[in-house]
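Q: Could you go through this one with me, a few residues at a time? I'll ask as things catch my eye.

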Amino acid sequence: MSREWRFPSALTVLAVVTIGVWLAAFLIPPGAYERDADGAPIAGTYARIDADRTFTDRLMDLFLSPVNGLYGILDPGTGTVGPDNTGELFGSAGVFLFVLAIGAFVTMVFATGALERAIARLAHRLRRRGGLLVGAVMGVFAVLGSIEGFAEETLGFYGLIVPMVLALGYDRMTAAGAIILGAGVGVLGSTVNPFATGVASSAAGVSLGDGLPLRLLMWAVLTAVTIGYVLRYAARVRARPERSLTGFLPGDAGAAENAARGAEPEPLTPTHRVVVSFMGLVFAFMVFAVVPWASVVTGDAAAAPYPWQLDWSFGQLSALFIVAAIVVGLVGRMGEARLTDTLVRGAADFIGPALVIVAARGVTVIMNNARITDTVLHSMEAAVSGTSSAVFAVLVFAVNLPLAFLIPSTSGHSTLAMPVLAPLAHFAGVPADIVVTAWQAASGWMNLWVPTTAVVMGGLALAKVGYGAYLRFVAPLLGLLFVLVCVFVGAAAALA
């Protein structure tokens with residue numbers, strides 16, 4: 001019996017990319033741009049150079065790529081990256097720790113049971129109000145997706161939400177759409193999602209708060225459109241069940257009946273209320289801490305920061321989430337052993353995305369040491385220089401769609417793409433934060449439907465919905481979201 005083929009993981013894809021880039025570096029001539037005071041390349045100054053890398057040096061670059069991806073140091077004199085150099089950190093150690101820290105915090109919150117019970121209580125309270133239930137569930141998931149990348153966590157809610165949706169006279173597609181698209185559109189319109197916006201901003205060399213007003217507006221509009229789309233389908237199925245794309249399974253009536261008469265979930269304890277409120281405060285404080293308020297208020301990117309402005313980066317945010325995770329454990333009365341075990345388990349659960357970031361950064365180090373990054377930029381400079389800002393922003397969105405398919409990990413995709421896209425945006429006169437927004441929209445749009453993500457395929461399996469039927473359901477929405485994203489990023493680039 002033949003084994004079922006599976007699409008390679010993000011780490012496997014990046015391993016192939018690493019070897020491919022290393023081999024390509026033998027063929028691509030090295031070159032460099034002159035840099036301005038901010039380190040940005042100056043258009044028209046590209047020139048060929050001698051990289052002075054022996055075959056042994058290149059082999060060592062390949063061997064050390066994951067190490068350099070974590071804590072490689074950029075030597076200001078030679079321009080090369082290595083673990084034993086003296087200079088500026090080039091590796092992604094700061095982002096690596098940030099991912100582990102927020103993983104520990106999110107896991108600690110889930111360990112208290114507060115978030116699951118809050119969502120269960122909301123669903124039960126609205127169980128007789130169909131449109132409100134579907135809209136509320138999607139809204140909550142969209143908020144969580146936007147601020148902390150809530151996606152895989154949705155898999156635990158199918159057992160609760162599917163029967164309730166059936167009890168309201170809707171079908172399984174309504175339930176699957178509410179869960180997958182609710183969280184998915186939140187991730188697409190990420191505002192401060194550390195795994196998408198945060199990692200991409202770091203790779204692009206901008207603050208997590210840069211571009212936040214645009215992302216907030218995008219999130220609000222795209223979320224409203226998506227909720228309206230699902231509610232329109234749900235109302236049509238309720239009025240005419242024969243129009244359901246999934247039909248109704250033999251056990252659906254029984255599941256609906258059980259949900260209708262099901263016992264009310266246990267109420268939130270005072271501890272649960274404190275944990276949920278504290279989680280909201282932590283993310284709200286994160287937004288406050290990273291936003292460059294003087295620039296936002298005055299509209300001047302070079303405005304002097306206000307005295308109370310924090311301008312935090314990944315070091316401070318890592319500390320914030322580690323401390324917040326400990327506070328949640330103490331509030332939840334976990335005890336020393338369970339608290340430390342949960343803290344370690346939470347960090348361990350997120351080691352996968354963290355390693356993907358390291359692997360992707362290692363590819364950048366190989367390109368840097370071979371001095372081919374500027375050559376790649378130069379090959380694109382002519383095309384970009386003659387392109388309007390709006391068209392360039394839309395092209396960033398479009399070009400990243402196939403990359404998002406190959407690398408479903410948002411963290412790995414951004415770490416790999418941003419070191420090239422951000423300088424390219426400089427040539428096109430487009431702010432790097434708009435490139436971050438266009439990139440994350442491409443990643444989020446693809447992850448609404450691609451079969452390489454467990455959120456889609458696992459969710460459809462739990463809801464007992466066929467993938468083909470789901471594609472027919474979501475295709476018009478994908479087209480609408482595609483157009484809206486193009487309008488947002490194109491208009492923002494043109495106005496900037």
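**Charged pairs and a nonpolar patch**

Q: Is arginine 53 buried, exposed or partly exposed?
A: Arginine 53 is partly exposed, with a relative accessible area of 22%; buried means under 20%, exposed over 50% and partly exposed in between, using a 1.4 Å probe and protein chains only. Bear in mind that this is a predicted model, where local features need pLDDT of at least 70 and side-chain atom pairs pLDDT 80 or more, while totals for chains, interfaces and linings use all residues. Residues are numbered from 1 along each chain as its sequence is written, and side-chain values use heavy atoms, without hydrogens or water.

Q: OK, and what does arginine 53 form a salt bridge with?
A: Its partner is aspartate 61, and the closest N and O atoms of the two are 2.8 Å apart. The term stands for a side-chain nitrogen of Lys or Arg within 4 Å of a carboxyl oxygen of Asp or Glu.

Q: Is aspartate 61 buried or exposed?
A: Aspartate 61 has a relative accessible area of 9%, so it is classed as buried, whereas arginine 53, as said, is partly exposed.

Q: How many salt bridges does the count come to?
A: The count by that rule is four. One of them joins the side chains of aspartate 374 and arginine 35, at 2.6 Å from N to O.

Q: Where do aspartate 374 and arginine 35 lie?
A: Aspartate 374 belongs to helix 17 (residues 373-385), while arginine 35 sits in the loop between strand 1 and strand 2 (47-48), so this salt bridge links parts of the chain that are 339 residues apart in sequence. The numbering runs from the N terminus over DSSP runs, with helices being H or I of at least four residues and strands E of at least two.

Q: And how does aspartate 374 count, buried or exposed?
A: Aspartate 374 counts as buried, because its relative accessibility is 8%. Its partner, arginine 35, comes to 39% and therefore counts as partly exposed.

Q: What about arginine 240, which residue does it form a salt bridge with?
A: Arginine 240 pairs with glutamate 242, where the closest N and O atoms are 3.1 Å apart. In this pair, arginine 240 is partly exposed at a relative accessible area of 44%, and glutamate 242 is exposed at 57%.

Q: Changing topic: which residues form the nonpolar patch on the surface?
A: The patch consists of Ile19, Leu23, Phe26, Leu27, Phe55 and Leu59, which together have about 620 Å² of accessible area (Shrake-Rupley, 1.4 Å probe). Its members need over 30% relative accessible area and no salt bridge, with nonpolar side chains joined within 5 Å and, in charged patches, like charges within 9 Å.

Q: Which helices supply at least two residues of it?
A: Helix 1 (10-24) and helix 2 (55-63) each do so.

Q: And where does leucine 27 lie?
A: Leucine 27 is found in the loop between helix 1 and strand 1 (31-32), and its relative accessible area of 73% is why it is classed as exposed.

Q: Last one: where is the place of proline 431?
A: Proline 431 is in the loop between helix 19 (410-428) and helix 20, where its relative accessibility of 28% makes it partly exposed. Although proline 431 and tyrosine 470 are 39 residues apart along the chain, their C-alpha atoms are separated by 36 Å in the model.
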